[in-house]
Number of protein chains: 2
Amino acid sequence: MTSIRVGLLGIGTVGAGTFNVLKRNQAEIGRRAGRDIRITVVADLDTERARAIVGEDVEVVSDARQVIARPDVDVVIELIGGYGIAKTLVLGAIEAGKHVVTANKALLAVHGTEIFAAAARKGVIVAYEAAVAGGIPIIKALREGLAANRINWVAGIINGTTNFILSEMRDKGLDFATVLKEAQQLGYAEADPTFDIEGVDAAHKITLMSAIAFGIPVQFDKAYIEGITQLHRPDIRYAEQLGYRIKLLGIAKRTERGIELRVHPSLVPTKRLIASVEGAMNAVVVHGDAVGTTLYYGQGAGAEPTASAVIADLVDIARLQGADVTHQVPALAFQSSTLSAASTDLPVLPMSEITTSYYLRARVLDEAGVLARITSILADAGISVDALLQREADEVSEFNQESEANAALPQTDLIILTHDSREGTLNAALEQIQQLPSVLAPIVRIRKEELN
Amino acid sequence: MTSIRVGLLGIGTVGAGTFNVLKRNQAEIGRRAGRDIRITVVADLDTERARAIVGEDVEVVSDARQVIARPDVDVVIELIGGYGIAKTLVLGAIEAGKHVVTANKALLAVHGTEIFAAAARKGVIVAYEAAVAGGIPIIKALREGLAANRINWVAGIINGTTNFILSEMRDKGLDFATVLKEAQQLGYAEADPTFDIEGVDAAHKITLMSAIAFGIPVQFDKAYIEGITQLHRPDIRYAEQLGYRIKLLGIAKRTERGIELRVHPSLVPTKRLIASVEGAMNAVVVHGDAVGTTLYYGQGAGAEPTASAVIADLVDIARLQGADVTHQVPALAFQSSTLSAASTDLPVLPMSEITTSYYLRARVLDEAGVLARITSILADAGISVDALLQREADEVSEFNQESEANAALPQTDLIILTHDSREGTLNAALEQIQQLPSVLAPIVRIRKEELN
């Protein structure tokens with residue numbers, strides 16, 4: 001059978017990894033795919049560096065537009081990143097009738113609807129296993145492996161940088177800023193880490209998974225995003241004492257009124273497998289009505305793990321090359337004709353409408369009646385308390401960062417775990433509690449997910 | 001598009017689960033598959049029970065041969081089990097040009113080569129996601145999701161019964177016989193639990209995964225199989241003290257000289273994610289050269305988790321129905337024409353040729369020089385010691401089950417962890433050690449896997 005000719009746009013870390021893995025495992029990959037998969041042309045602005053990686057047998061050009069125009073290219077791999085030129089090239093490749101493989105989560109989370117529609121019109125595949133959780137075949141699991149299920153929720157540690165930082169903060173008792181610097185030195189965080197630490201990267205990924213899981217369009221603009229920059233050491237420690245670990249989770253949940261789509265730090269029971277996912281590793285938990293809870297774990301970034309996903313997509317495409325489009329797996333798991341109706345049935349809910357449980361920490365004056373006043377406000381709002389922890393002043397003192405003005409007064413930390421509540425209701429109650437004269441500092445509020 | 005008409009052979013627990021999930025999620029599954037998937041006829045000896053499950057809209061027959069002969073059936077689901085009639089029916093269905101979905105690991109592990117060859121000749125698919133690890137889409141992950149990788153090893157907790165028993169033995173400090181009885185009462189173990197507790201079921205599953213991972217034929221007859229019936233409480237406790245947990249693992253490993261294919265209790269570092277897989281849950285760890293370590297976790301048995309896998313196979317088949325065979329994923333991951341050559345290059349190694357590390361426990365007389373004599377025998381054989389634990393007589397006494405004859409003498413337990421050794425070499429050294437007059441009981445030997 002003829003080989004599949006691939007044009008690679010952008011040969012940075014992942015591009016080089018893809019080239020190298022494809023070359024190293026060429027025979028084995030060919031035995032699986034039933035045909036040879038070959039990168040025949042590479043486009044990169046730095047043609048010298050590109051040439052050094054691919055050697056003499058592969059053509060190197062500086063202009064990516066040349067690649068998508070060529071009739072002797074069957075598949076285009078887009079590894080340039082970002083929303084600008086990458087979007088033009090992906091749409092151009094589709095228009096030229098080429099299949100596209102991309103790791104560009106930002107592009108798909110924001111412009112996916114347009115891109116997938118263009119691909120459907122031309123009958124080509126846009127594959128993006130590498131866009132979520134690196135080498136973990138989670139897109140395939142969600143789209144195909146769990147196709148029998150009504151997916152109830154997806155929750156994942158899908159950003160290695162933040163998971164590394166949280167692991168280090170907990171292990172070593174360090175604060176956020178210190179660990180961030182360490183992560184940058186080790187190469188786990190970028191010089192400008194905003195996309196990672198503010199949760200944007202995770203939000204791109206959970207947006208894609210929400211679409212696949214529930215058959216809704218990608219709606220990144222409706223995702224709630226909160227990063228880890230406001231996390232404090234005492235909360236990590238209190239959480240542990242209560243049997244929880246704090247992780248930055250991307251969560252997509254189906255409820256009767258709509259879809260919850262959110263990224264934020266979450267308390268997770270220590271006994272859940274996902275709580276033990278440490279360092280830069282990723283894991284995604286998927287709950288389906290038939291299969292129950294499943295978990296997928298592995299490296300979420302890096303040259304070769306990401307290359308593993310890119311090449312898996314190439315193998316799928318190689319197998320389907322020449323087949324009628326009806327044999328393709330739909331880009332967002334559900335046949336595209338059935339997507340739009342679902343989006344009106346299943347709107348993404350505003351945060352005030354989500355339901356979850358909470359960890360609350362109030363720095364309060366150590367005097368009689370405070371606890372009663374706080375719990376009665378919660379009770380009046382219909383919010384029931386699951387667990388309560390009061391820490392004495394001396395144990396509190398070492399954490400005394402946020403309330404230096406009040407350092408002279410006898411004070412204590414009051415930690416409350418709530419049962420499930422509507423977030424709007426909880427916010428209203430917190431506003432009332434915050435007004436109490438005995439409450440000395442802004443109340444810390446972290447969401448809690450039982451994931452069972 | 002026309003719907004896919006499915007004939008179901010055997011409507012026991014999993015069959016009923018499959019029928020119910022397909023019915024409950026019909027709309028959602030149809031939106032994914034692009035066509036309707038419908039069980040149109042069910043064969044079961046107990047036609048009354050079958051009728052009670054499927055209602056009036058589905059035909060019920062008592063003779064499965066009728067189903068495979070029908071021109072209005074596109075796919076046959078075989079859920080009868082065993083090697084006998086199931087084999088005849090599967091081959092018959094293939095011969096009649098029907099795709100087959102089966103959960104029958106025993107049948108495929110023993111007769112897979114014949115069955116897959118017949119399917120290849122007829123151009124039909126034999127799908128078996130449900131045969132390994134229930135609802136976890138591990139076959140899909142191995143065959144497709146990790147297609148870029150040279151797979152180095154696969155190690156899994158792939159039998160829920162034995163994992164439940166081991167979890168209980170450790171948690172509650174109970175012995176094997178007691179927990180087995182409990183497991184039988186709870187329905188986690190069958191009345192005749194031999195296939196589970198002796199490791200046969202796990203061996204069927206790891207045999208299938210070894211074929212997919214390495215491109216070799218299924219070779220169940222070459223698998224080494226050791227169950228959990230000989231495990232003793234003190235070893236579970238000593239392992240914990242050394243930072244390990246004992247799990248029944250199915251292991252398939254590629255080495256330069258061939259394939260290791262084995263099922264036996266194994267010490268696993270407590271810090272590995274798989275060590276925290278408790279109760280009847282399953283998990284499979286796959287190591288690929290590009291992706292590194294990945295893990296897949298979920299329910300390995302039960303009506304609906306298994307149904308989830310059966311239906312995922314149906315969806316794959318529904319998508320490929322009508323496509324040329326070249327578009328199919330090969331049954332054993334690699335194109336069948338490339339399988340046989342690989343089997344001679346990669347023979348399954350005899351156990352004496354495997355390389356791993358070991359946990360050894362010797363009940364010895366508490367006298368000077370014993371340790372020196374044992375370690376010098378190991379050193380002479382080139383086996384180096386990784387860790388050593390000596391337990392004093394009083395702590396030992398409560399475990400004094402195996403050596404009642406010597407109970408009066410002062411004795412101690414000597415626990416040794418070795419570095420990697422060839423099993424043949426280790427066995428020879430153990431024979432020598434066993435001859436020492438100070439060694440009072442048969443030496444306990446449990447293999448240890450670092451899984452990193």
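Here are some friendly notes on this predicted two-chain model.

1. **Ground rules.** Residues are numbered from 1 along each chain as its sequence is written, and chains are lettered from A in the order in which they are written. Because this is a predicted model, local features need pLDDT of at least 70 and side-chain atom pairs count only at pLDDT 80 or more, while totals for chains, interfaces and linings use all residues; side-chain values use heavy atoms, without hydrogens and water.

2. **How the chains relate.** A turn of 180° with a shift of 0.0 Å along the axis lays chain B on chain A at an RMSD of 0.0 Å (least-squares superposition on C-alpha atoms of residues with pLDDT of at least 70 in both copies). That is the relation of a two-fold axis. Both copies use the same surface, as 100% of the contact residues of chain B recur in chain A (contact means heavy atoms within 4.5 Å).

3. **At the axis.** Which residue of chain B comes closest to the rotation axis? B:Tyr296 does, with its C-alpha at 2.4 Å.

4. **Domains.** Chain A splits into domain 1 (4-136 + 303-338), domain 2 (138-299 + 344-351) and domain 3 (352-448); the bounds come from an automatic or database assignment. In chain A, the C-alpha centres of domain 1 and domain 3 are 50 Å apart.

5. **A:Lys205.** An unreviewed UniProt entry lists A:Lys205 under "active site"; such annotations may be inferred rather than shown by experiment. A:Lys205 sits in helix H11 (residues 200-214) of chain A (helices are DSSP runs of H or I with at least four residues, numbered from the N terminus).

6. **Its surroundings.** A:Lys205 is buried, at 4% relative accessible area (buried means under 20%, with a 1.4 Å probe and protein chains only). Leaving aside residues up to four places away in sequence, A:Lys205 touches A:Lys105, A:Ala131, A:Val132, A:Ala133, A:Ile158 and A:Asn159.

Definitions and conventions:
Helix = DSSP H or I, 4+ residues; strand = E, 2+ residues; numbered from the N terminus. Buried < 20%, exposed > 50% of the residue type's maximum accessible area, 1.4 Å probe, protein only.
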